[in-house]
Amino acid sequence: MAYGMTALSLASCLLAFVLLVALVSIRRKNTAIANLLKRKSDQLEVSEEELRLLATTFDSHEPILITDKDLTIRRVNPAFTRATGFERLDLVGTKASMFSLEDRYLPWHEIHHALEEDGQFSGEVMCRKKNGQCIPMYQRLTAVTDRHRGTTHYVAVYSDITEQKRTQEKINKLAFFDSLTGLPNRRKILDSLDRELAHAQRYETAGALFFMDIDNFKDINDTLGHDHGDCLLVELGRRLTDNVRKSDTVSRLGGDEFLILLPGDTSNEEDTIEHASRICEKILALSEVPYIIAGQKHYVSLSIGITIFPSNASSPLELLKQADTALYKAKGGGKNSACFFHPEMQRVAENRLAMERDLREALQRDEFMLRFQPQVDGGGVIRGAEALIRWTRPGIGAVAPEQFIPVAEDCGLIVPIGNWVLQESCEQMSKWLQQGLALDHVSVNVSPRQFRDADFVARVARVLSETQLPARHLMLELTESVVVENLDDAKSKMDALNALGVRSSMDDFGTGYSSLSYLSELPFYELKIDQRFVRSLFVDRKNSVIATTIIAMAKSLHLRVLAEGVESEEQLEFLRRHDCTNYQGYYFSQPVSACELERLMAQAGNEYHHGPPNLSVM
Ligand code: C2E
Ligand code: MG
Ligand code: MG
């Protein structure tokens with residue numbers, strides 16, 4: 001019994017102990033739960049506060065835009081809709097690049113790269129408003145990332161910098177532009193000159209700098225008064241600007257001194273000298289147009305000093321000095337004149353001007369004549385002849401077309417000269433046909449300027465009818481530059497020529513754009529492989545590949561293919577092996593007079609076989 005009692009009290013003690021332990025443990029858990037709850041509630045409070053803070057930030061007066069990683073807009077704040085005029089719904093779901101994000105100077109992929117590297121990027125952007133207006137904004141971009149997926153969103157914060165830009169512009173205007181004429185001032189032009197000089201040195205181009213002043217400006221100013229003198233300067237600035245290209249810069253240094261900067265866009269110094277000479281002539285010719293000042297006509301002339309850069313000059317100031325020295329020399333030569341800094345430049349410019357002067361008279365003086373170069377087929381039969389112009393210049397002798405055609409092209413004289421060539425060639429071809437000469441065609445070179453003329457097709461039609469030459473006996477040789485300049489115009493003119501029955505040949509193929517697309521679009525009859533490929537068939541493997549590719553291409557486009565400049569039997573054999581069908585070159589004949597061509601055709605009777613040129617009549 002005692003044993004039973006002891007056991008019972010032991011059990012109750014144990015139970016009490018267990019209960020006590022359980023109670024303690026429950027209490028501890030409760031405390032832990034209470035602590036946890038308190039912590040969570042504290043955290044919630046913090047998060048809520050953060051959210052409140054974030055919401056307030058998002059609603060700030062700074063426009064904010066949030067996109068996903070594909071730049072699809074997810075959110076914009078009211079400041080953004082106010083600034084751009086778009087509604088929130090106009091924007092959400094559209095691509096942000098539609099109106100911003102593109103930096104003014106950097107493409108998106110570079111911005112993206114910066115975001116990947118640094119997580120943020122800032123720069124200026126032009127934002128398009130709903131009404132189409134563009135506003136300059138400063139954009140700060142931040143990439144939002146998560147631990148697993150990398151970038152998930154982009155946040156862009158903007159500030160409108162229109163006012164800042166306006167102020168900057170005003171400051172720029174004051175600092176870099178002449179307040180009287182509105183032209184760039186000395187500081188600005190020296191800056192541009194510095195850039196252009198570096199560009200010319202780096203890319204080996206040649207540009208020009210003009211230094212000009214008004215002859216006797218002091219007298220004009222004294223007699224007319226300063227106000228009227230100012231009007232004259234403004235008007236002169238306007239006229240100078242009207243006579244140069246958009247890429248050229250006219251600037252006023254101060255007083256009556258003006259500069260013109262022609263940036264270097266050609267690698268050939270002589271071309272730049274020629275271009276500068278032409279501009280110079282235009283400017284000197286301005287002296288013939290009176291200025292109306294205070295109701296009176298005044299004739300004003302300029303003197304011009306020109307230098308070509310980079311050629312020896314290492315700084316803008318040095319260039320300025322060279323042009324100034326040249327101006328001083330020009331003044332010494334009398335009013336309304338121009339002078340180049342280097343005697344060599346002066347010589348090139350004078351030669352060009354003299355050539356232009358002589359060319360103007362050459363037609364009246366009957367100084368041009370035509371030579372005809374036979375074009376033969378694979379059997380050596382003369383099929384046609386290319387008319388090539390020759391000029392005997394008084395006191396100088398024969399001048400190569402490659403020297404005078406570009407000058408004639410530049411000053412527009414190529415139009416009357418080209419018309420003369422067309423007329424003469426058609427007359428000669430018509431005569432040959434009447435004589436019974438079995439010649440298929442005469443080929444006439446057409447220059448870009450001539451072809452550009454609106455009445456070119458009408459002129460061809462007129463010449464054909466005047467000379468009674470059936471159109472199929474005329475072939476016009478056009479170069480690539482003629483057609484690529486304005487493909488639509490070229491197509492409509494060539495279609496019209498085709499309708500007349502005149503055929504067209506693509507001259508010097510392979511030297512320019514050599515685009516398949518225009519060849520297939522335009523109604524060419526023949527393709528002439530430029531002689532430079534033929535000349536170096538065995539010198540440079542690349543050229544033989546080009547020549548054979550052109551032949552294959554012509555074949556697949558159903559064009560007749562003629563190789564120019566064939567000088568040797570090896571060249572002929574190679575071309576023949578690769579399916580070329582027509583040839584022209586010294587191997588067969590030099591360009592000859594009309595009588596000589598008749599003689600060549602009369603003496604030929606056999607088909608061409610290997611061996612020396614033995615031309616046949618078709
Ligand atoms: P082009 O139309 O490609 O004429 C072919 C030129 O290659 C001619 O030079 C011709 O004499 C030359 N030639 C022919 N066979 C050979 C040869 O085997 N070897 C070499 N080295 N040369 C050869 P040309 O007569 O001096 O004419 C040069 C360029 O002047 C012509 O090139 C053409 O672009 C232009 N030209 C000539 N006459 C006229 C014309 O009446 N009007 C126009 N707009 N341009 C013309
Ligand atoms: Mg030609
Ligand atoms: Mg040619």
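## A tour of ligand 1 and its two magnesium ions

Start by selecting E386 and ligand 1: a polar side-chain atom of E386 sits 3.0 Å from an oxygen atom of the ligand, a polar contact being a pair of N or O atoms within 3.5 Å. You are looking at a predicted model, where local features need pLDDT of at least 70, side-chain atom pairs count only at pLDDT 80 or more, and totals for chains, interfaces and linings use all residues. Residues are numbered from 1 along each chain as its sequence is written, chains are lettered from A and ligands numbered from 1 in the order in which they are written, and side-chain values use heavy atoms, with hydrogens and water left out.

**Stop 1: around ligand 1.** Next, pick D507, which has a polar side-chain atom 2.9 Å from an oxygen atom of ligand 1. Then try Y586: here a polar backbone atom is 2.8 Å from a ligand 1 oxygen. Of the 790 Å² of accessible area that ligand 1 has on its own, the protein covers 86% (Shrake-Rupley method, 1.4 Å probe).

Now show the whole shell, the residues with a heavy atom within 4 Å of the ligand. It holds 22 residues, and the closest are R390, D507, Q531, E567 and Y586. Colour the shell by class and you should find eight nonpolar, six polar and eight charged residues. Strand β14 gives the largest share, four residues.

**Stop 2: the magnesium ion (ligand 2).** Which residues coordinate the magnesium ion (ligand 2)? Select E386 (OE), N445 (OD1), E477 (OE) and D507 (OD), which do so at 2.0 to 2.3 Å. Donors are N, O and S atoms within 2.8 Å of the metal (3.2 Å for Na, K and Ca), and water is not among the atoms, so sites may look incomplete. Along the sequence, these donor residues are spaced E-x58-N-x31-E-x29-D.

**Stop 3: the magnesium ion (ligand 3).** Keep D507 on screen, as this residue bridges the magnesium ion (ligand 3) and the magnesium ion (ligand 2), which lie 3.9 Å apart. For ligand 3, the protein donors are D507 (OD), D508 (OD) and two entries for E564 (OE), 2.0 to 2.5 Å from the ion. Their spacing along the chain is D-D-x55-E. To finish, select D508 and E564: D508 is in strand β18 and E564 in the loop between β20 (560–563) and α21 (569–577), so the pair ties together parts 56 residues apart in sequence. Helices (H or I, at least four residues) and strands (E, at least two) are DSSP runs, numbered from the N terminus.

Terms used. Polar contact = N/O pair within 3.5 Å; in protein donor to acceptor, adjacent residues only side chain to side chain. Nonpolar A, V, L, I, M, F, W, Y, C, P; charged D, E, K, R; others polar.
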